[in-house]
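Colleague: Please take me through the terms used for this structure. I would like to hear how each one is earned.

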Amino acid sequence: MARRYRSLTAAQVQGLGMTSDRTRERMLTQLSERGIANVQVLTAMRLVPRHLFVDEALASRAYENTALPIAAGQTLSQPYVVARMTELLLQANPARVLEIGTGSGYQSAVLSHLVEKVYTVERVRELHVQARERLWDLRYRNVYCKYSDGSWGWIERAPFDAVLLTAAPESVPPALLDQLQIGGQLIAPVGAQGGRQSLIRVRRTTQGFEQEPIEEVAFVPMLEGAV
Ligand code: SAH
């Protein structure tokens with residue numbers, strides 16, 4: 001049965017009663033050690049209370065460098081992957097970003113500190129509703145959430161300076177490339193379901209699209225339709 005998200009208490013919003021600052025600092029040290037050098041990204045990840053994006057029972061593990069389960073059989077990516085994708089995304093200095101796969105809302109919250117506007121689309125209604133409420137409670141006012149199959153993008157808000165997929169399609173949906181601004185870039189894990197995928201970067205130029213492989217990753221699959 002669907003478990004309803006309970007609104008955060010005022011204390012939680014202010015970060016009181018949270019897991020220790022030390023575990024958060026350890027996460028940042030690990031990210032630096034693994035090669036995340038962008039100070040803006042590290043600062044944003046220090047600011048976002050990851051423990052409020054997972055179930056209370058998992059809060060004590062929120063700052064470990066591990067993926068964590070969220071509702072509907074989905075996962076919140078490991079901090080390193082969030083940091084790496086965010087770092088890649090910022091290289092094009094985007095103002096308006098489209099994210100496919102809102103999930104817990106964590107990646108959107110990180111982006112919200114770094115760009116002007118974040119548009120995020122989720123196909124599972126329960127996750128969409130929870131993330132939208134959570135982001136609102138945490139005062140992230142430049143994140144806009146939509147309930148839909150993300151393979152259609154968000155045409156009314158297009159074009160975007162950057163597009164980020166946090167679920168893996170077998171190939172990049174054409175609508176997402178169409179909605180990319182010239183000079184913009186799309187970051188996506190692409191590959192067959194169930195295995196590992198290749199994280200790719202696609203840049204849109206005046207001539208067309210240029211694709212570049214980045215590294216191997218493991219994401220949940222991008223699925224069709226909204227449920
Ligand atoms: N960015 C998320 C990670 C979520 S995991 C976070 O920070 O928590 C990937 C998410 O993509 C899941 O919530 C899944 O439901 C969603 N997803 C999968 N296919 C999708 C699609 N076609 N459109 C929109 N969301 C999709």
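Modeller: Gladly, and here is the angle rule to begin with: under 35 degrees counts as roughly parallel, over 145 as roughly antiparallel, 65 to 115 as roughly perpendicular, and the rest as oblique. Please keep in mind that this is a predicted model, where local features need pLDDT of at least 70, side-chain atom pairs count only at pLDDT 80 or more, and totals for chains, interfaces and linings use all residues. Residues are numbered from 1 along each chain as its sequence is written, and side-chain values use heavy atoms, with hydrogens and water left out.

Colleague: Then why are α3 and α4 called oblique to each other?

Modeller: Helix α3 and helix α4 (79-90) pack at about 135 degrees, with axes 9 Å apart. The axes are lines fitted to C-alpha atoms over the stretch in contact, and angles run from 0 to 180 degrees between N-to-C directions. An angle of about 135 degrees belongs to the rest, so α3 and α4 are oblique.

Colleague: Which residues of α3 and α4 meet?

Modeller: Q40, V41 and M45 of α3 meet P79, V82, A83, T86, E87 and L90 of α4, where contact means heavy atoms within 4.5 Å. They divide into six nonpolar, two polar and one charged; Ala, Val, Leu, Ile, Met, Phe, Trp, Tyr, Cys and Pro count as nonpolar, Asp, Glu, Lys and Arg as charged, and the others, Gly among them, as polar.

Colleague: What makes α2 and α3 roughly antiparallel?

Modeller: Helix α2 (residues 21-33) and helix α3 (residues 39-47) pack at about 155 degrees, their axes 10 Å apart. That is over 145, so α2 and α3 count as roughly antiparallel. Their crossing is right-handed: the near helix is turned clockwise from the far one by less than a right angle, whereas anticlockwise would be left-handed. R24, E25, M27, L28, L31 and S32 of α2 make the contact with L42, M45, R46 and L47 of α3. Those residues divide into six nonpolar, one polar and three charged.

Colleague: How do you know that β4 and β5 pair?

Modeller: Two strands pair if DSSP finds at least two bridges between them, and β4 (residues 117-122) and β5 (residues 143-147) have five, in the parallel sense. One bridge partnership is V118 with V143. The chain goes from β4 through helix α6 (residues 125-137) to β5 in a right-handed β-α-β crossover; with the strands pointing away from the viewer, the path from the first strand over the helix to the second runs clockwise.

Colleague: And what makes β5 and β9 edge strands?

Modeller: Each pairs on one side only. The sheet is open, with seven strands in the order β5-β4-β3-β6-β7-β8-β9 and mixed pairing. Helices (H or I, at least four residues) and strands (E, at least two) are DSSP runs, numbered from the N terminus.

Colleague: How many bridges join β8 to β9?

Modeller: Eight bridges join β8 (residues 197-204) to β9, and the two run antiparallel. R204 stands opposite F209, and I200 has P213 as its bridge partner. β8 and β9 form a hairpin with four residues between them, and G208 in the turn has a positive phi of about 150 degrees.

Colleague: Why single out N93 and its phi?

Modeller: N93 has phi near 50 degrees, a positive value in a residue other than glycine. N93 sits in the loop between α4 and β3 (96-100).

Colleague: And what is the peptide bond from A158 to P159 like, cis or trans?

Modeller: Its omega is near 0 degrees, and the bond is cis. P159 lies in the loop between β5 and β6 (160-165).
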